[in-house]
Amino acid sequence: MRVSQILWMWVVALLLGVAAWQWGPSWTSGQSNVQTISFVGSDLSHVAEVTALVLERDGEHWRFEREADGWWQVEPFQHRMHADLLMNLAAVALEIEVFDVADDRVDVDPARLGLDPPLAALTLSTPDTSTTLHLGRRGLAGRAWAKRGHEGPVFVVDSTLHDALLLEHPASWRDLRFYPGLSVDATRLERTVQGESMVLERQGRDWQITAPINTRADAEATSEHLVALASASGETVLMDQPDDPAAFGLDPAVARIEVTTVDGTRTLLVGDVIAGSDQARYAMVEGAPSVVRMGARDVARLLGDPMGLVERSGTDVTPMDVHQITIAQDGKQLVLERSLDRWLAGDLDGAVASTDVVDSLLGLLTQSLATELLLVKQYPSDLEVAVITLSDRKGGPIDTVRLLRELPPPDGQGRWAMENGDGVLRVLPEGTQWPLSPESFGLLTGSTR
């Protein structure tokens, strides 16, 4: 090849290169311009400045706002959100990598790039500014088309924001806990299952069951129930704003759980069992029209046997507060009175009762736990064996426990039960023995008045 031909080839190549630079599209050569071009713009520099987000996608509109107690969806209806997920959207938008931007010499068709109309639009607002990002089609190698506002240039950016906005439904960013923030500030619980209600109310530091009976609530069981309520949540969103909640068993609801705190009352509606599931049910928080899946574990914890919340001991009296014990049996009474570290039977000439046996009796009343609880509408007086009254230092009664016993075999099992004036029979383990007679306390047998 002659030298002149080689020179002409270099001249042509140089001219083609100049033409490509002058008139060709200014798209990426593989090098990122992120150091010199900001997709969001200079009006927004930090995620902490963002106070509202608006997303438009698939013909739907969502608005999220930051309030004093966190982030909330306010349109199309109000619902608590996961703040970290929304803040991650803002962070992704601020950190978008820009690979190139079209200039005036590039003829682009926004409609062909999915930007007219955009596949999604995200508006980030601060108290002073508002920036809208339009997202178009994805390209190759993790690239995507995007614009800032309607009139701005077309950018080639990384597709991280596209992934966050187009691959996930906004419902997945919601906080699906049924009772977010629930703690020791709860003051009232009401659970209604198929028309039957149980009400618990806080009285000082203790909980009391006030309906359908008035009885003591088990402190440990109630505490565990509150923990279960605080941690219970929907597993996934099934439908927003259903036309007919009755189709899910939510109008009327199969079950309602109302929890009252110092901030107000929040009600969970539980519906029908979801077909083909392991006892999972439809659920919805009253005031938030979003049907969610409530898992079988939460169904069991929140809708289990309400009798599990009833205190299983015979009395909540503290043994040290008892200064007199009166045992009424077969028309007779045995009265034991505390005298320093001894117990005296005044009706038996001040005879000294066995301290160990008296402690055993008080232990049965205050610490022995029922293995079964029976709610009775009519007290079975024919099974009553004895009535034990506990009194204070001045002789004033502080509580009364009735002892009942089943018929012995073969007519019954011969088990003992305690009743605390509340219509609940607390059935004790088989083999339980009660010291009731003077002889069982080591006292001389004699007449008692």
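**Exercise 1.** Is D69 buried, partly exposed or exposed? Find its salt-bridge partner as well.

*Solution.* The structure is a predicted model.
Step 1. Take the relative accessibility of D69, which is 43%.
Step 2. Apply the cut-offs: buried is under 20%, exposed is over 50%, and partly exposed lies in between.
Step 3. D69 therefore counts as partly exposed.
Step 4. Look for the partner. D69 forms a salt bridge with R80, and the closest N and O atoms are 3.7 Å apart.
Step 5. Place both ends. D69 sits in the loop between β2 (60-67) and β3 (70-75), while R80 belongs to strand β4 (residues 79-80). Eleven residues separate the two, and the pair links distant parts of the chain.

**Exercise 2.** Characterise R415: its place, its burial and its charged partner.

*Solution.*
Step 1. Locate the residue. R415 lies in the loop between β25 (397-405) and β26 (416-419).
Step 2. Check burial. The relative accessible area of R415 is 15%, so R415 is buried.
Step 3. Find the partner. R415 forms a salt bridge with E372, with the closest N and O atoms 3.2 Å apart. E372 is in strand β23 (residues 372-375), 43 residues away.
Step 4. Compare the cut-off for the partner. E372 has a relative accessible area of 32%, so E372 is partly exposed.
Step 5. List the surroundings. Leaving out residues up to four places away in sequence, R415 touches E372, L404, R405, E406, V427, L428 and E430.

**Exercise 3.** Which residues share salt-bridge partners with E190 in one network?

*Solution.*
Step 1. Start with the total. The whole structure holds 17 salt bridges.
Step 2. Take one of them. E190 pairs with R188, the closest N and O atoms being 3.0 Å apart.
Step 3. Assign burial. E190 has a relative accessible area of 19%, so E190 is buried. R188 has 25%, so R188 is partly exposed.
Step 4. Extend the pair. Salt bridges with shared partners join R188, E190 and E201 into one network.

**Exercise 4.** How many cavities of 30 Å³ or more are there, and what lines the largest cavity?

*Solution.*
Step 1. Count. There is one cavity of 30 Å³ or more.
Step 2. Size it. The volume of the largest cavity is about 80 Å³.
Step 3. Read the lining. The lining residues are H79, D175, L176, R177, F178, G234, R266, M284, V285, A288, S290 and V292.
Step 4. Sort them. Six are nonpolar, three polar and three charged.
Step 5. Map to strands. β17 (281-285) and β18 (290-294) each supply at least two lining residues.

Note on methods:
Residues numbered from 1 in each chain as written. Predicted model: local features only at pLDDT ≥ 70, side-chain atom pairs only at ≥ 80, totals over all residues. Heavy atoms only, no water. 1 Å grid on protein atoms, 1.4 Å probe; cavity = no way out; pocket = protein on both sides within 12 Å on 5 of 7 lines; lining within 4 Å. Points joined across faces, edges and corners; volume = space filled by probe spheres on them. Helix = DSSP H or I, 4+ residues; strand = E, 2+ residues; numbered from the N terminus. Nonpolar A, V, L, I, M, F, W, Y, C, P; charged D, E, K, R; others polar. Contact = heavy atoms within 4.5 Å. Salt bridge = Lys/Arg side-chain N within 4 Å of Asp/Glu carboxyl O. Buried < 20%, exposed > 50% of the residue type's maximum accessible area, 1.4 Å probe, protein only.
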